[in-house]
Amino acid sequence: MAFAVVTGATVKCMYGTVPASLVATSQMNVTDEGKPLATLQDCSMANFQTFGMCTCPSNPAVVAAQGSPVPCARVPAGVWIPQHPNIRGGQDLFLTSDCTCMCGFGAQISIVNPNTQLQLG
């Protein structure tokens, strides 16, 4: 059973040095305790802050810095990858705690804390 993911959830990049907080912007109608549920579309620069420093070996800036960490550039690629593709709210596919998304440099971004106990699926 997966949990819904709401604004304030904690997300982490596998090559970032700090977690970030997620902000749901794709829909505001379905909430849990006043916090909007995130959808698969909530995977852009507008949806989370920087992950601190980037250590991803395929990041050209890290390569140029000879492997030293560089500031995270936040380059999410595409949408969240669903594990439960049938959890909908109208036309929206809701984000669940077991989804991941990818960074443009090949790193995986995952959900550490969904910020709710609302179970979906």
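**A chat about the sheet and the core**

Modeller: Let's start with one strand pair in this predicted model: β2 and β3 run antiparallel and are joined by two bridges.

Colleague: Hi! Which residue stands opposite A20 in β3?

Modeller: That's V11.

Colleague: And what order do the strands of the open sheet come in?

Modeller: There are five strands, in the order β3-β2-β12-β11-β8, with antiparallel pairing. At the edges you'll find β3, residues 20–21, and β8, residues 76–81, each of which pairs on one side only.

Colleague: How many bridges join β8 to β11?

Modeller: Three, and the two strands run antiparallel. If you'd like one to look at, find A77: its bridge partner in β11 is M102.

Colleague: Nice. What about β11 and β12, how many bridges do they pair over?

Modeller: They pair over three bridges, again in the antiparallel sense. One spot to check is T100, which stands opposite S110 in β12.

Colleague: What do β11 and β12 form, and how many residues are between them?

Modeller: They form a hairpin, with four residues between the strands. In the turn, G106 has a positive phi of about 100°.

Colleague: Changing topic: which residues touch the most other members in the largest nonpolar core?

Modeller: That core has 21 residues, and the ones touching the most other members are V11, L22, F48, F51, W80, L95 and I109. You've already met V11, the residue opposite A20.

Colleague: Which strands supply at least two residues of this core each?

Modeller: Those are β2 (10–13), β11 (100–103) and β12 (108–113).

Colleague: Can we zoom in on I109? What is I109 in contact with, leaving aside its neighbours within four places in sequence?

Modeller: Quite a list: V11, K12 and C13, then F48 and F51, then W80, and finally T100, C101 and C103.

Colleague: Which residues are in the other core, apart from that one?

Modeller: The other core has six residues, including L37, I87, F94 and L120.

Colleague: Back to F48 and F51, then. Are they buried or exposed?

Modeller: Both F48 and F51 are buried. They also form an aromatic pair, with 5.3 Å from centre to centre.

Colleague: How is that pair arranged, and what is the angle between the planes?

Modeller: The F48 and F51 pair is tilted, with 45° between the planes. The angle falls in the tilted class because planes under 30 degrees apart count as stacked and over 60 as edge-to-face.

Colleague: And how many aromatic pairs does a search of the whole structure find?

Modeller: One aromatic pair, so this is a good place to finish our tour.

Methods: Residues numbered from 1 in each chain as written. Predicted model: local features only at pLDDT ≥ 70, side-chain atom pairs only at ≥ 80, totals over all residues. Heavy atoms only, no water. Phe/Tyr/Trp six-rings, centres within 6.5 Å; stacked < 30°, edge-to-face > 60°. Buried < 20%, exposed > 50% of the residue type's maximum accessible area, 1.4 Å probe, protein only. Core = buried A, V, L, I, M, F, W, Y, C linked by side-chain atoms within 4.5 Å. Contact = heavy atoms within 4.5 Å. Pairing = 2+ DSSP bridges.
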